[in-house]
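Student: I have a structure in front of me and would like to learn how to read it step by step. Could you take me through it slowly?

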Amino acid sequence: MIITPSKEKEMERTGFKAIFMRSVLQIVRRPIYWAAFFALPLFIFFLMADLMKEGLPYKVPAAIVDRDGSSMSRQISQTIGGMQLVDVTEDCNSFTQARHQMQEGKIFGYFLIPENFQQDLLSGRKPVVTFYTNMTYFIPASMLLKTFQATALYTKAGVTLNVLESVGATEDVVTPLLLPVNVQTRAVHNPELSYPIYLCNSFIPCALQLMIFLITCFSLGQEVKYGTSVKLMRMARGSVLKAVAAKLLPQTIIWIVVAIFMESWLFGFNGYPMRGSWFWITLSEVMFVLAAQGMALFFYCVLPNLRLALSISALLGVLSFSLAAFSFPVESMYPAMGIFSWILPTRYNFLIYIDQALNGIDIYYSRIWFVAYIIFMLLPFTMMWRLKKAFLRPAYVK
């Protein structure tokens, strides 16, 4: 058999290494990969850090609607305005005006003091104080709601204290009536109640998962869209496993570097607590990348269509911010929704972070979360035959 130079050259371009180098060149030549791998993740990292640099969302814009105009209502207004978490930017004259201000996004909530508030309160007629918050912005609205509730509670306690003292009750008698149980709050592992320690270590990996989903499906879909998947399979000598592994390996390396940078930046530069082992956290980040890629590959195997795969990746990636139970516990979700939290890699990344970084418990208690990572990695192997079929017979449907 005589091998011509052209045939020899063709033979040199097959195999794992050739596909790997082909994937590297695709990443280098296309700006969209540079933006997805480096620009967007770094932008999200620094944006979250800047938003959370104060620890809490201080000075949340709010308004007060005072329909009473009494000395007590003015005192309540001054109390709310003096609180650290609230910035009373609007002084509305009516409910309608305050509602319009909140709908326009100028304020996140408002406190409504009804007419004859002081008179009804002192006469024991139980006036109703109403406060409204825009829970579309969950964190600032929750802070605002907490402030409004505390103000209403302290106002009621203050009036009760004055009434009881006016009829001759002493402070030793009044205090147990107003506060029968003395609560001492001890915030374990986060005594400063710093929101960045909790939110940055959950939202940033979730954003990274979203980018991994999109880029993995995009890179596979491009092969089918432009009909180059046939050449890819020829380079892999018909092995879809070799083709996918060699194509995604450069992406895997880049994502692992980004994930380790994220870890170093959060725990090293920002000084977030690390009470466990750096080894297990690093291993979690590496497996998290592989698990996210595995799930994205599974999406494309099930739906070997660029548009549909990107749609399901974007949908599930965005919903992960709420379904992964960062800000709302799974136990309080509807069972039909709570079950989705367990099919997201970022959920297990979050649980390992809580166990290892915050609580510093033994790795024995986190072993099941690492097993979940492995399941995500193995998931696409169940549907790889569909991907092989799509690669050998590319049919791009818009």
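Tutor: We will go from the overall chain to a helix pair, some rings, a few single residues and two backbone angles.

Student: What should I know about confidence before I begin, and what is the average pLDDT of the chain?

Tutor: This is a predicted model, and its chain averages a pLDDT of 84, with 89% of the residues scoring at least 70. Where pLDDT is low, the predicted coordinates should not be read in detail. Here that caution applies to residues 1–12, over which pLDDT stays under 50 and for which the model has five contacts beyond four places in sequence.

Student: How many helices and strands does the chain have, and what share of the residues counts as buried?

Tutor: The chain holds 17 helices and four strands, and of its 398 residues 43% count as buried. If you look at contacts between residues at least 6 apart in sequence, 75% of them join residues at least 24 apart.

Student: How should I read two helices that pack together, and at what angle do the axes of α12 and α15 cross?

Tutor: Two packed helices are described by the angle between their axes and the distance between the axes. In this model, helix α12 (residues 278–302) and helix α15 (residues 345–359) have axes that come within 9 Å and cross at roughly 175°. An angle over 145 degrees counts as roughly antiparallel, and α12 and α15 are therefore roughly antiparallel to each other.

Student: Which residues of α12 and α15 meet?

Tutor: On the side of α12 you will find Trp280, Ile281, Ser284, Glu285, Phe288, Ala291, Ala292 and Met295, and these meet Pro345, Thr346, Asn349, Ile352, Tyr353, Gln356 and Ala357 of α15. Sorted by character, the residues of this contact between α12 and α15 divide into 10 nonpolar, four polar and one charged.

Student: Now to the rings: how many aromatic pairs are found in the whole structure?

Tutor: A search of the whole structure finds 26 aromatic pairs. One of them joins Tyr110 and Tyr132, whose rings are stacked, with 4.9 Å from centre to centre and 25° between the planes. Tyr110 belongs to strand β3 (residues 109–113) and Tyr132 to strand β4 (residues 130–133), so the pair ties together parts that are 22 residues apart in sequence. The two partners can also be read by accessibility: Tyr110 is buried, at a relative accessible area of 1%, whereas Tyr132 counts as partly exposed at 30%.

Student: Which residues do ring pairs link into a cluster?

Tutor: Ring pairs link Tyr33, Trp34, Phe37, Phe38, Phe218 and Trp255 into a cluster. Phe37 appears again when we turn to Gln251, a residue of helix α11 (residues 240–269), because Phe37 is among the residues that Gln251 touches, along with Ile27, Ile215, Thr216, Ser219 and Gln293, when residues up to four places away in sequence are not counted.

Student: Is Gln251 buried or exposed?

Tutor: Gln251 counts as buried, since its relative accessibility is 1%, and the cut-off for that word is under 20%.

Student: How do I find places that are far apart in sequence but can be compared in space, and how far apart in space are Thr147 and Gln84?

Tutor: Compare the separation along the chain with the C-alpha distance: Thr147 and Gln84 are 63 residues apart in sequence and 9.4 Å apart in space. Thr147 lies in helix α7 (residues 138–166), is buried with a relative accessible area of 6%, and touches Met83, Leu85 and Val86, leaving aside residues up to four places away in sequence. You can read Arg386, in helix α17 (residues 384–392), by the same steps: Arg386 and Leu303 are 83 residues apart in sequence, with 8.7 Å between their C-alpha atoms. Arg386 counts as partly exposed at 28% relative accessibility, and beyond four places in sequence it touches Cys301, Val302 and Pro304.

Student: Finally, what is the phi of Asn116, and what is the phi of Arg237?

Tutor: Most residues other than glycine have a negative phi, and most peptide bonds are trans. Asn116 has a positive phi of about 60° although it is not a glycine; its place is in the loop between β3 and α6, where Asn116 is partly exposed with a relative accessible area of 42%. Arg237 likewise has a positive phi, near 55°, lies in the loop between α10 and α11, and is exposed, with a relative accessible area of 57%.

Terms used: Residues are numbered from 1 along each chain as its sequence is written. This is a predicted model: local features need pLDDT of at least 70, side-chain atom pairs count only at pLDDT 80 or more; totals for chains, interfaces and linings use all residues. Side-chain values use heavy atoms; hydrogens and water are left out. Axes are lines fitted to C-alpha atoms, for helices over the stretch in contact, and angles run from 0 to 180 degrees between N-to-C directions. Angles under 35 degrees count as roughly parallel, over 145 as roughly antiparallel, 65 to 115 as roughly perpendicular and the rest as oblique. Contact means heavy atoms within 4.5 Å. Ala, Val, Leu, Ile, Met, Phe, Trp, Tyr, Cys and Pro count as nonpolar, Asp, Glu, Lys and Arg as charged, and the others, Gly among them, as polar. pLDDT is the predictor's confidence in each residue, from 0 to 100. Rings of Phe, Tyr and Trp (its six-membered ring) pair if their centres lie within 6.5 Å; planes under 30 degrees apart count as stacked, over 60 as edge-to-face and the rest as tilted. Buried means under 20% relative accessible area, exposed over 50%, partly exposed in between (1.4 Å probe, protein chains only).
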